[in-house]
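Reader: I'm new to this one and a bit lost. Could you pick a single part, take a close look at it with me, and then show me how the rest fits around it?

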Amino acid sequence: MIFWVIYLSTKYPTRNLTDPTIYDIKLEIGQLLHVEVGRQKITHDGVEVENNTLRAEDYGIRDNDEIFLSVKKAFYIEANAPAKYYLTIWDDQTILKLKREIWILTGMAVDRMELSYIQQKLDDDKKIMTYQIPDEATIDAVEMYDLEVKGSNGNYRLKVHEMMTIGQVKEKLHVDYGLDHETLTLERAYSRGFFRDDEHLSAHHYQVMTAVGGGS
């Protein structure tokens with residue numbers, strides 16, 4: 001019997017296996033994709049194939065059938081650095097599910113949490129496997145909050161986090177509102193001086209700033 005293992009939208013053919021058990025199939029998958037048996041979850045026709053001692057035919061798996069693979073991944077979570085946590089999760093789960101697991105570990109509110117891997121934002125409705133994040137990689141988790149920037153032509157509201165720099169806030173004002181970040185300067189509330197572009201929001205905890213120049 002030959003099966004097609006589907007993982008990350010790619011189909012991998014197994015060798016011809018004679019009356020295999022589920023464990024035999026998982027051993028074959030391990031050789032194909034270098035994934036240990038204990039980190040594999042396979043499904044057939046939408047049903048999880050859990051009992052390793054049963055044979056393929058017991059689950060209705062026939063020659064040339066497709067088997068879908070999920071892999072248990074381990075990640076480090078850097079939450080509002082330098083705090084770091086460790087968790088495991090199946091990669092067929094959504095990013096939203098991952099956020100809920102991080103909430104259990106950190107207490108960080110799911111609705112204000114933003115995840116990223118190598119500066120790429122991870123979208124709630126996508127599956128973890130979509131991003132092909134390596135095992136034991138570090139995922140960054142930050143808690144977003146509202147920042148109000150007051151300008152002479154209006155007020156601007158942004159979603160920011162404490163690890164952002166002032167330069168990144170200016171870039172966000174450019175992207176979201178069309179302000180000229182090259183000539184824009186941000187000032188501390190109540191005229192307490194101007195920010196440097198390399199300063200991090202974590203050093204100040206301001207929720208209100210003043211914009212000077214840049215068409216603000």
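Author: Let's start with helix α3, residues 166–177, which lies across β10 (145–151), β11, β12 and β13. The helix runs at about 115 degrees to β11; axes here are lines fitted to C-alpha atoms, for helices over the stretch in contact, and angles go from 0 to 180 degrees between N-to-C directions. Contact means heavy atoms within 4.5 Å. The helix and strand names are DSSP runs (H or I over at least four residues for helices, E over at least two for strands), numbered from the N terminus.

Before going on, a word on what you're looking at. This is a predicted model, where local features need pLDDT of at least 70 and side-chain atom pairs count only at pLDDT 80 or more, while totals for chains, interfaces and linings use all residues. Residues are numbered from 1 along each chain as its sequence is written, and side-chain values use heavy atoms, leaving out hydrogens and water.

Now for the strands that α3 crosses. They make an open sheet of four, in the order β11-β10-β13-β12, with mixed pairing. β11 (154–160) and β12 (185–188) sit at the edges with a single partner strand each, so one side of each has no neighbour in the sheet. On average, neighbouring strands here are turned by 35 degrees against each other, direction ignored. Two strands count as paired if DSSP finds at least two bridges between them. β12 and β13 (residues 208–212) run antiparallel and are joined by four bridges, with T185 opposite V212 in β13.

Step back to the domains, whose bounds come from an automatic or database assignment. Domain 1 covers 4–70, domain 2 covers 73–144 and domain 3 covers 152–212. The C-alpha centres of domain 2 and domain 3 are 27 Å apart, and their contact takes four residues from each of the two.

Further back along the chain is another bit of pairing, around β9 (residues 138–143). β5 pairs with β9 in the parallel sense over four bridges, and I77 has I139 as its bridge partner. On the antiparallel side, β7 (residues 113–117) also pairs with β9 over four bridges; there, E114 is matched with V142. In the loop between β8 (120–121) and β9 you'll find E136. Its phi is near 65 degrees, positive although E136 is not a glycine.

Another helix worth a look is α1, residues 22–33. Its twelve residues should span 16 Å at 1.5 Å a residue, and the end C-alpha atoms are indeed 16 Å apart; the expected span is 1.5 Å times one less than the number of residues. Among the buried residues of α1 are I22, I25, I29 and L33, where buried means under 20% relative accessible area, exposed over 50%, and partly exposed in between (1.4 Å probe, protein chains only). Their cover includes β1 (4–7), β2 (10–13), β3 (40–44), β4 (47–49) and β5 (66–79). Just after α1, H34 takes a positive phi of about 60 degrees.

D45 is in the loop between β3 and β4 and has a positive phi too, about 55 degrees, without being a glycine. D45 counts as exposed because its relative accessibility is 66%, whereas E136, at 41%, counts as partly exposed.
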